[in-house]
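Trainee: Could you take a close look at one part of this protein with me? I'd like to go through the salt bridges, one pair at a time.

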Amino acid sequence: MTSATAAGVAALLRDAAAVTILCHVRPDPDTLGSGLALGQALVALGKTVEVAYPGVLPLPATMAGMPGGELLVDAASVTGHPVAVAVDAATQGRLEELGAVFEAAPTRIVVDHHVSNGGFGSVDLIDPTSDCTASLVLQIVDELGVELTEPIATCIYAGLVTDTGSFRWARPASFRIAARLLEVGVDGARWSRQLLDTHPFAWLQVAGEVLGDAQLVESACGGAGLVYATVPHRLLSSMAWDESESLIDLVRTAGDAEVAAVFKESEPGRWNVSLRSRTDVDVTTIAGGFGGGGHVRAAGYSASGTADEVVAALLAAAQ
Ligand SMILES: [Mn+2]
């Protein structure tokens with residue numbers, strides 16, 4: 001791997017005729033906003049562009065209508081151009097079946113902000129001091145000399161507002177970027193509402209059932225406490241996956257516990273585990289022990305077994 005600046009990445013992209021942009025599995029607004037913002041900027045320069053994430057279209061409801069969506073292609077229909085860019089993926093594994101597309105590209109660019117990302121491109125722009133990958137894409141857009149239009153800015157805003165929890169843990173730089181995005185016409189209220197504050201009515205019942213079974217283990221994490229909830233496949237399959245992503249934001253509000261976990265059974269016996277910490281505990285340490293990763297206060301991993309088994313494994317790791 002070679003570390004690159006935004007200017008270095010822009011130079012590579014300026015020389016490219018066609019670019020494949022890859023978002024991570026179960027895309028969130030940061031990976032998707034980053035991909036669509038960069039894609040639109042490259043189209044403005046006359047490049048051929050495709051954007052994809054593992055799995056199939058269409059986008060889930062929260063992200064539907066994001067500008068640049070016409071650049072998206074189904075994972076199975078990806079051409080694979082000589083320059084590939086992975087956005088917001090902490091590992092190549094997060095690209096799932098599109099990892100092969102990434103590997104096949106002579107020029108492989110990683111743009112990410114996860115502290116656990118050790119780099120997996122031929123060129124890596126990894127900056128854990130950035131609140132979101134979309135802000136790094138904005139740097140690249142600026143270096144490319146592309147005008148920051150409202151559609152591009154909207155995609156960057158989507159990543160910024162969600163990865164900062166509506167600016168709750170945003171660094172000063174993110175507020176400056178947000179001001180710039182709003183000044184070019186982003187409808188911040190509309191996108192905050194759509195991305196963060198909108199669920200189908202049925203989600204309320206499911207969330208109620210999940211929260212009703214939440215458990216508090218005060219002795220866990222050296223006495224800092226762990227609160228956790230499980231979402232069995234029966235419940236998870238009743239909601240769109242992006243709806244399940246927000247359950248952790250409810251569970252982590254329990255003030256009695258430093259660490260929060262939500263176990264989501266994506267397939268029978270297969271679990272995606274989301275971890276959050278309120279202040280000091282580094283959850284990348286716990287997630288890393290299970291082969292996962294992420295940020296200091298937000299990380300995740302995958303596990304197999306019954307609900308009791310995966311919970312017991314976490315409790316053993318988080319003593
Ligand atoms: Mn991100």
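Mentor: Sure. Let's start with D249, which is partly exposed, with a relative accessible area of 32%. Keep in mind that this is a predicted model. The partner of D249 is R252, and the closest N and O atoms of this salt bridge are 3.0 Å apart. R252, on the other hand, is buried, at 18% relative accessible area; the cut-off for buried is under 20%.

Next up is E245, which pairs with K264 in a salt bridge whose closest N and O atoms sit 3.7 Å apart. That one links distant parts of the chain: E245 belongs to helix α10 (residues 241–245) and K264 to strand β8 (residues 259–267), 19 residues apart. Here again the two ends fall into separate classes: E245 is partly exposed, with 33% relative accessible area, while K264 is buried, with just 5%.

Then there's R180 with D142, where the closest N and O atoms come to 2.8 Å. R180 is in helix α6 (residues 172–183) and D142 is in helix α4, so this salt bridge ties together parts 38 residues apart in sequence. As for accessibility, R180 is partly exposed at 33%, and D142 counts as partly exposed too, at 36%.

As for why such pairs turn up, side chains of opposite charge can pair when their charged atoms come close. The full count for this model is five salt bridges, among them D249 with R252, E245 with K264 and R180 with D142.

Conventions: Residues are numbered from 1 along each chain as its sequence is written. This is a predicted model: local features need pLDDT of at least 70, side-chain atom pairs count only at pLDDT 80 or more; totals for chains, interfaces and linings use all residues. Side-chain values use heavy atoms; hydrogens and water are left out. A salt bridge is a side-chain nitrogen of Lys or Arg within 4 Å of a carboxyl oxygen of Asp or Glu. Helices (H or I, at least four residues) and strands (E, at least two) are DSSP runs, numbered from the N terminus. Buried means under 20% relative accessible area, exposed over 50%, partly exposed in between (1.4 Å probe, protein chains only).
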